[in-house]
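Dear colleague,

Here is the structure for your files. My notes on the strands and the cores follow it.

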Amino acid sequence: MALETEDFPSLIAQAGPLNGQRWILKGDVIVGRDDSCNVIIQNRQVSRYHARFVTLPHGVQLEDLGSKNGTHINGHEVVEPIILQDGDVIQIAFAQQFIYLSSDSTLPLELPPEKPAEIVPVPRLLRLDKRSRRVWIGDEELLPPLSVSQYQLLELLFDNPGRVVSRAELVQTVWGKEDAIGISEQALDALVRRLRDRLASINSDHPFLITVRGHGLRMDNPPIK
């Protein structure tokens with residue numbers, strides 16, 4: 001005898017490009033940007049293989065697949081696989097929100113509009129206040145403040161955690177597109193070196209700016225332990 005659909009848990013999209021779509025969770029369901037995923041979210045904030053729902057005998061488990069921008073449940077980052085509860089709100093990066101229902105029998109006729117769940121950011125070792133352009137490493141503020149060019153370079157890397165930012169993009173951000181053509185490799189290297197020295201004046205144990213030879217720079221900003 002075939003099982004009725006209400007025997008299966010459901011995933012319903014809301015507050016995002018897939019808003020209103022619904023999936024029955026059976027077996028493994030992978031969410032990501034790649035065309036081979038079961039649930040495809042075409043957004044650059046979403047990793048190719050971002051998260052996975054696994055149907056187990058005792059419930060549905062959600063796990064993050066090492067995504068760049070994270071998976072959150074009810075506003076908290078998913079670090080370890082977690083068993084879902086009826087009504088849980090799942091956020092994929094900053095792109096798409098879902099609601100989990102343990103079975104179709106609990107599916108409302110019409111979902112009320114909801115605000116996206118508040119994402120609680122993971123505290124990082126290096127912090128920026130963009131309004132005042134102040135920088136902290138741990139509890140210590142970087143003083144005197146960074147120069148304009150040093151701050152612009154740091155902010156670009158800070159806003160793209162884990163991503164390798166090309167040298168061309170770094171130059172254009174700091175010097176502008178019109179002036180970027182006349183900027184030498186040595187000028188960028190000197191700026192990076194000065195910024196590294198400033199950061200090391202507070203914390204010399206952690207190399208925040210990682211050189212990826214032939215490509216550019218990426219920021220390694222670890223969570224506070």
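**Strands, hairpins and cores**

In the hairpin formed by β12 and β13, four residues lie between the strands, and R133 takes a positive phi near 60 degrees. Please keep in mind that this is a predicted model.

The two strands of that hairpin, β12 (residues 126-129) and β13 (residues 134-137), pair in the antiparallel sense over four bridges. L126 of β12 stands opposite I137 in β13. Side chains alternate along β12: L126 and L128 point to one face and are buried, whereas R127 and D129 point to the other and are not.

L126 also belongs to the largest nonpolar core, which has 25 residues; L126, V135, L154, L170, L199, F208 and L209 touch the most other members. At least two residues of this core come from each of β12, β13, α1 (148-158), α2 (167-175), α4 (185-200) and β17 (216-219). Setting aside neighbours within four places in sequence, V135 is in contact with L126, R127, L128, E140, E141, L142, L146, Y151 and L154. Another core lies apart from the largest one; it has 22 residues, among them L11, I41, I73 and F98. In soluble globular proteins, nonpolar side chains tend to be buried together.

F98 leads to strand β11 (residues 96-101). Is this strand enclosed or open to the outside? Six of its six residues are buried, so β11 is largely enclosed by the rest of the structure. Both of its faces are covered, with Q96, F98 and Y100 buried on one side and Q97, I99 and L101 buried on the other.

β11 has antiparallel pairings with β1 and with β10. Strand β1 (residues 10-14) is joined to β11 by five bridges and runs antiparallel to it; the bridge partner of A13 in β11 is F98. Strand β10 (residues 89-92) is joined to β11 by four bridges, again antiparallel, and V89 stands opposite I99. The hairpin of β10 and β11 has three residues between the strands, and A93 there takes a positive phi near 50 degrees.

There is also an open sheet of five strands, with mixed pairing and the order β4-β3-β5-β6-β9. β4 (39-40) and β9 (82-83) stand at its edges with a single partner strand each, so one side of each has no neighbour in the sheet. The partner of β4 is β3 (residues 28-32): the two run parallel and are joined by two bridges, with V31 opposite V39 in β4.

Regards

Methods:
Residues are numbered from 1 along each chain as its sequence is written. This is a predicted model: local features need pLDDT of at least 70, side-chain atom pairs count only at pLDDT 80 or more; totals for chains, interfaces and linings use all residues. Side-chain values use heavy atoms; hydrogens and water are left out. Two strands pair if DSSP finds at least two bridges between them. Buried means under 20% relative accessible area, exposed over 50%, partly exposed in between (1.4 Å probe, protein chains only). A nonpolar core is a set of buried Ala, Val, Leu, Ile, Met, Phe, Trp, Tyr and Cys residues joined through side-chain atoms within 4.5 Å. Contact means heavy atoms within 4.5 Å.
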